[in-house]
Amino acid sequence: MANYHHVSHSPVIDHQDNLWMVNSQPSGIYTKQMKSILDQLEAVLTHYSQVLILRFDIRTFAYTDDNNVITGLFTYLLRHLKQTYQTDNIGYHWTREQEKAKRQHYHCVLILDANKVRHPSRINNFILEMGNTHNVSPWIPTNCFYRFKRNEVNLKQNAIYRISYLAKARGKGYKPPQVKNHGSSRIKAKSSV
């Protein structure tokens, strides 16, 4: 749990001997959470030559003092993606936030095999349809995805900057102490790429 609460205001983060620009303003970012996101991105990139990163949000209609709504939704979504695209190593990260609203919302990222998922339109539609079956309100932002090859550093940097928003310090902590602010996949990196 070391550095769980460490907030950095630096515009860069050091991860695996690389410096990445992050969106740390104005509230700073939780470094442990950001490194967890980067760990999963790097792990997925050891399995696939290119990835597609998809950003979306989930708004709840009522406050809950647990994360069952998002964990249940991800269980359903991941099962669908694995069956549809015949892929096992799907990275993801979600973060719980609550600011002025009386209920929490979640920012989410999927990290997918871009050799199998060329464009996210079908996945976006599925996420939007989940709102009807899971009693949530999904939102897909404009320019919601990034697609890049393992060695395309500039495109990767653009994606990292965008998804660093999930690690922002503002909006975290409005929950019971035992409830997590974020959750992540546990993809293991292949030993040799």
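**A quick tour: R55, L128, a hairpin and the largest pocket**

At 6% relative accessibility, R55 sits under the 20% cut-off, so this arginine counts as buried. Keep in mind that the model is a predicted one. Below is a short run through R55, then L128, the β2–β3 hairpin, and finally H182 with the pocket around it.

**R55 and its surroundings**
- R55 belongs to strand β5, which covers residues 50–60.
- What does the side chain of R55 make a polar contact with? The partner is the side chain of D57, at 2.6 Å.
- Setting aside neighbours within four places in sequence, R55 is in contact with H107, C108 and V109, with I140, P141 and C144, and with I163, Y165 and L166.

**L128 on helix α3**
- Helix α3 runs over residues 121–134, and L128 is part of it.
- Is L128 buried or exposed? Neither label fits: its relative accessibility is 41%, and because that falls between 20% and 50%, L128 counts as partly exposed.
- Once residues up to four places away in sequence are left out, L128 touches P138 and I140.
- I140 therefore turns up twice in this briefing, since R55 is in contact with I140 and L128 touches I140.
- L128 and P138 are 10 residues apart in sequence, with their C-alpha atoms 5.6 Å apart in space.

**The β2–β3 hairpin**
- Strands β2 (residues 12–15) and β3 (residues 18–21) pair up in the antiparallel sense, with four bridges between them.
- One of the pairings puts D14 opposite L19, its bridge partner in β3.
- Two residues lie between the strands of this hairpin, and Q16 takes a positive phi near 50°.

**H182 and the largest pocket**
- H182 is found in strand β10, residues 182–184.
- With 15% relative accessibility, H182 is under the 20% cut-off and so counts as buried.
- Q33 is 149 residues away from H182 in sequence, yet the C-alpha to C-alpha distance is 7.6 Å.
- The largest pocket holds about 500 Å³ of space.
- Which residues lie nearest the centre of the largest pocket? Out of 22 lining residues, they are K180, H182, G183, S184 and R186.
- Two or more lining residues come from each of α1 (31–47), α2 (68–85), β6 (91–97) and β10.
- By type, the lining of the largest pocket splits into seven nonpolar, 10 polar and five charged residues.

Note on methods:
Residues numbered from 1 in each chain as written. Predicted model: local features only at pLDDT ≥ 70, side-chain atom pairs only at ≥ 80, totals over all residues. Heavy atoms only, no water. Buried < 20%, exposed > 50% of the residue type's maximum accessible area, 1.4 Å probe, protein only. Polar contact = N/O pair within 3.5 Å; in protein donor to acceptor, adjacent residues only side chain to side chain. Contact = heavy atoms within 4.5 Å. Pairing = 2+ DSSP bridges. 1 Å grid on protein atoms, 1.4 Å probe; cavity = no way out; pocket = protein on both sides within 12 Å on 5 of 7 lines; lining within 4 Å. Points joined across faces, edges and corners; volume = space filled by probe spheres on them. Nonpolar A, V, L, I, M, F, W, Y, C, P; charged D, E, K, R; others polar.
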